[in-house]
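Please look over the sequence and the structure before reading on. The report that follows takes up a few residues, the salt bridges and the meeting of two domains.

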Amino acid sequence: MSAFIRKLRHRFYLLMLRAMTGILPAASHMAFVGQGSSRQLGQHIASLSPRKVLIVTDKPLRELGVADTAAAGLLEAGVDCAWFDGVLPDPTHEQVDAGLAVLKRENCDTLLAIGGGSVMDCAKLISACATSDESPRDWVGMGKVKHELLPIYAIPTTAGTGSEATSGAVVKDSQTLEKVVVSGPGMLPRAAALDASLMAGLPPHITAATGMDALTHAIEAYIGVWERGTRLEDGRIAVQLVFQHLVNAYEDGGDSEAREGMAMAAFYGGKAINQVNVGNVHAIAHQVGGRYGIPHGLANALILPHVLEYCREEAQPRLAELALVVGAGEPGEAEAQLAFKFIAAVRELRTQVGIPDRSDLIRREDHTALADAAIAESLGYPVPRLLDEASTLAILSQITE
Ligand SMILES: [Fe+2]
């Protein structure tokens, strides 16, 4: 497909999307915030008298006691609960089916996700499957889940994915290793608890990678070409919070102020992408994450500075604004200079939290297939500059050891 046709197709797609989503009600976000807020959320769910709640989590969180602490408000209120702790990183259709079987066997009518992005995404997909005969394979793309879902609540235990504030979920095909996004209004959690005390034990490398995911969400929403909702305000808040708190959270996991700042950053980053979607960083990250199992946040962190460099001219005003938000430049400096400085600040932050420049998991012989898939995915995002073959291959080379 020629570059002109791809641009035309992209513009038409965005117009269609704008027309479609313009008539949808705005997403509402309800969050309990602060130490002990998971207990408040549990009490809130109890007040709604659910028949039985399926708590979706993973085995490490149960073994560490984090899941039980997070669910304490619900359990103390005497709400009948069942557990599904079989979520693994990058949930697959098989994991969703396993959770769905527990939900049906236990006759649950509400879901509470306690965990990181994989857990929250899996809970959303279980809920979507519980009230439909179709499967996530039928809903690939934006807004394809149109039916009513069982209510979902979320307690994130990492600060990055922002899935607690989005109506999307990523699912991986265990055969093709392809990761796809499924979304619909009912997949937005009805309420979330941002309880940073649950994140105190996160290892530094996970704090770093998930934090860079939050930063990527905020930046991609901010530089996207689609004007919608409060994405600029939300993106600015998230970028500012990540620069203020990520290094501290990475260096001292017990720094409660930094943990809470990052929990808020992840939430606002999620809220921002929920209005306008992600961009080229995610389009490439989904491919290397799906094929090699590179954690999502790490994949984003590897790719982010290169994509910003690629679209620096197109996104220059926005990047310059972000430079001022994070104090990387002074008002009155030339816009081009500020844009440079912001990208440099992103690189510096990445280094400060111990993220390498390259990965030795990516294989050069896969570059063409990875680039093709990334270019196809990017067509669905409101990016300031569409990916092309040569540039995507160059970015892949720059992150390959
Ligand atoms: Fe992400």
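Is arginine 385 buried, partly exposed or exposed? In this predicted model, arginine 385 has a relative accessible area of 31% and is therefore partly exposed. Its side chain meets that of glutamate 314 in a salt bridge, with 3.9 Å from N to O. This pair links distant parts of the chain, since arginine 385 sits in the loop between α15 (367-378) and α16 (389-399), while glutamate 314 sits in the loop between α12 (296-310) and α13 (316-325), 71 residues apart. Glutamate 314 is also partly exposed, with a relative accessible area of 40%.

**Salt bridges**

The count of salt bridges comes to 16, and three of these pairs are set out here with their N to O distances.

| Pair | Distance, N to O |
|---|---|
| Aspartate 68 and arginine 62 | 3.8 Å |
| Glutamate 227 and arginine 231 | 2.9 Å |
| Arginine 385 and glutamate 314 | 3.9 Å |

Aspartate 68 counts as partly exposed at 32% relative accessibility, and its partner arginine 62 is partly exposed with a relative accessible area of 29%. In the pair of glutamate 227 and arginine 231, glutamate 227 counts as partly exposed at 47% relative accessibility, whereas arginine 231 counts as buried at 1%. Salt bridges that share partners join Glu227, Arg231, Arg318 and Glu321 into one network.

**Glutamine 275 and its surroundings**

Arginine 231 appears again beside glutamine 275, whose side chain reaches the backbone nitrogen of arginine 231 at 3.4 Å. Glutamine 275 belongs to helix α10, which spans residues 256-276, and at 14% relative accessibility it counts as buried because buried means under 20%. The side chain of glutamine 275 also makes a polar contact with the side chain of aspartate 234, at 2.9 Å. Apart from neighbours within four places in sequence, glutamine 275 is in contact with Trp226, Arg228, Gly229, Thr230, Arg231 and Asp234.

**Two residues with positive phi**

Most residues other than glycine have a negative phi. Asparagine 277, which is found in the loop between α10 and α11 (280-292), has a positive phi of about 80° although it is not a glycine. Serine 49, in the loop between α2 (37-47) and β2 (53-56), likewise has a positive phi, of about 50°. Asparagine 277 counts as buried at 18% relative accessibility, whereas serine 49 is exposed with a relative accessible area of 59%.

**Valine 87**

Valine 87 is found in the loop between β3 (81-84) and α6 (93-106), and with a relative accessible area of 4% this residue is buried. Leaving out residues up to four places away in sequence, valine 87 touches Val56, Thr57, Asp58, Gln95, Ser118, Val119 and Cys122. Valine 87 and arginine 231 are 144 residues apart along the chain, and their C-alpha atoms are separated by 30 Å.

**Where the domains meet**

The domain assignment gives domain 1 (24-199) and domain 2 (203-399), and their C-alpha centres lie 25 Å apart. To the contact, domain 1 gives 26 residues and domain 2 gives 24 residues. How much area do domain 1 and domain 2 bury between them? The area comes to about 2100 Å², with 63% of it on carbon and sulfur atoms. Zero salt bridges are found across the interface of domain 1 and domain 2, but five residue pairs are in polar contact there. On the side of domain 1 that touches domain 2, the elements giving two or more residues are β1 (31-33), β6 (168-172) and β7 (179-183). The residues of that side divide into 13 nonpolar, nine polar and four charged.

Terms used:
Residues are numbered from 1 along each chain as its sequence is written. This is a predicted model: local features need pLDDT of at least 70, side-chain atom pairs count only at pLDDT 80 or more; totals for chains, interfaces and linings use all residues. Side-chain values use heavy atoms; hydrogens and water are left out. Helices (H or I, at least four residues) and strands (E, at least two) are DSSP runs, numbered from the N terminus. Buried means under 20% relative accessible area, exposed over 50%, partly exposed in between (1.4 Å probe, protein chains only). A polar contact is a pair of N or O atoms within 3.5 Å; within protein, one must be able to donate a hydrogen and the other to accept it, and residues adjacent in sequence count only if both atoms are side-chain atoms. Contact means heavy atoms within 4.5 Å. Domain bounds come from an automatic or database domain assignment. Buried area is the accessible area (1.4 Å probe) that two parts lose on being put together, summed over both. A salt bridge is a side-chain nitrogen of Lys or Arg within 4 Å of a carboxyl oxygen of Asp or Glu. Ala, Val, Leu, Ile, Met, Phe, Trp, Tyr, Cys and Pro count as nonpolar, Asp, Glu, Lys and Arg as charged, and the others, Gly among them, as polar.
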